[in-house]
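Q: Got a minute to go through this model with me? I'd like to start with how the helices pack.

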Amino acid sequence: MNYKFDFSPVLAAWPTLLEGVIGTLRMSSLSMVFGLSLGIVFMLMRMSKQPVLRSIAVGYIELIRNTPILVQVFFVFFGMPALGIRLSGEQAAILAMTLNCAAYAAEIVRGGVQSIRPGQVEAGRALGMHTADIYRFIVFRPAIRAVFPALCSQFILLMLNSSLVSSVSAEELTYFAQTLDSQTFRSFEIYFALGVIYLGLSQFLSVVLSVIGRVYFSYPVK
């Protein structure tokens, strides 16, 4: 093997890779927030007594969960212009990742809500609590606390899947790595470094989510 390893092009391009890291974290974070919010909406529709709302939610969840995220990204970026909706690469990436995250978040949160005993809701009503407060403090917060580890895993997976949006020229980490590879032809070094960076991002996100969990869900369970 005559290949000579040379990581100097990777080290020289650290500002570009840092820009990619920032882009990845920005798109992933927005998609997580929007996806969780939309997921709660679909969860409520999924648990609704209205057949139409329930059917829409089930259809959406099954469609998203049973199709590749890359196909979803391509549909948003290449397919939606046929409907007159044209998005930039980053906008398409955020929308596609949001829609994907929402489907999984809806099912995860639904599992948490179903774990809440009906007696707790009845106790809240007996105390004269408003319906909004009952759902906020008795249903949603304990439910999300129960499934928070599963949500964290889904969020980390979403961040890793963000590498796929480089296919629509969304300027995130993999996009800049591919650009650097086409300029230097140091594929081994670049993609080795890319894997290390994604590993670091996963650990970083895991720590951040762990801190968020301790801050917002650090009350005793009874």
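A: Sure. It is a predicted model. Take α2 and helix α9, residues 187–216: their axes come within 12 Å and cross at roughly 40°.

Q: Which label does that angle give α2 relative to α9?
A: Oblique. Angles under 35 degrees would count as roughly parallel, and 65 to 115 as roughly perpendicular. Roughly 40° fits neither range, so α2 is oblique to α9.

Q: Is the crossing of α2 and α9 left-handed or right-handed?
A: Right-handed.

Q: Which residues make the contact?
A: From α2, L17, V21, T24, L25 and M32. From α9, I197, Y198, L201, F204 and L205.

Q: How does the contact of α2 with α9 split by class?
A: Nine residues are nonpolar and one is polar. No charged residues take part in the contact of α2 with α9.

Q: Let's step back. How many helices and strands does the protein chain have?
A: Nine helices and zero strands. From the N terminus, the order reads α-α-α-α-α-α-α-α-α.

Q: What does the C-alpha trace span?
A: About 75 × 45 × 30 Å along its principal axes.

Q: And what share of the 222 residues is buried?
A: Buried residues make up 40%.

Q: What about contacts between residues 24 or more positions apart?
A: They account for 76% of the contacts with a separation of 6 or more.

Q: Switching to charges. How many salt bridges are there?
A: The structure holds five. One of the pairs is R26 with E90, with the closest N and O atoms 3.0 Å apart.

Q: Where do R26 and E90 sit?
A: R26 is in helix α2, residues 14–46. E90 is in helix α5, residues 89–114. The two are 64 residues apart, so this pair links distant parts of the chain.

Q: Are R26 and E90 buried or exposed?
A: Partly exposed is the class for R26, at 36% relative accessibility. E90 is partly exposed too, with a relative accessible area of 28%.

Q: Which residue does E107 pair with?
A: R46, in a salt bridge at 4.0 Å, N to O. E107 lies in helix α5 and R46 in helix α2, so the pair ties together parts that are 61 residues apart in sequence.

Q: Is E107 buried or exposed?
A: Buried, with a relative accessible area of 19%. The cut-off for buried is under 20%, so E107 falls inside that class. R46 is partly exposed, at 24% relative accessibility.

Q: Which residues are in the salt-bridge network?
A: R46, R65, E107 and R110 are linked in it.

Q: What is the N to O distance for R186 and E189?
A: The closest N and O atoms are 2.9 Å apart, and the two residues form a salt bridge.

Q: Are R186 and E189 buried or exposed?
A: Both are buried.

Q: Last topic: V139. Where is it?
A: V139 is in helix α7, residues 131–161. V139 is buried, with a relative accessible area of 7%.

Q: How far is V139 from G112?
A: In space, 8.7 Å, C-alpha to C-alpha. In sequence, V139 and G112 are 27 residues apart.

Conventions:
Residues numbered from 1 in each chain as written. Predicted model: local features only at pLDDT ≥ 70, side-chain atom pairs only at ≥ 80, totals over all residues. Heavy atoms only, no water. Salt bridge = Lys/Arg side-chain N within 4 Å of Asp/Glu carboxyl O. Helix = DSSP H or I, 4+ residues; strand = E, 2+ residues; numbered from the N terminus. Buried < 20%, exposed > 50% of the residue type's maximum accessible area, 1.4 Å probe, protein only. Axes fitted to C-alpha atoms, helices over the stretch in contact; angles between N-to-C directions. Parallel < 35°, antiparallel > 145°, perpendicular 65-115°, else oblique. Left-handed = near helix turned anticlockwise from the far one by under 90°. Contact = heavy atoms within 4.5 Å. Nonpolar A, V, L, I, M, F, W, Y, C, P; charged D, E, K, R; others polar.
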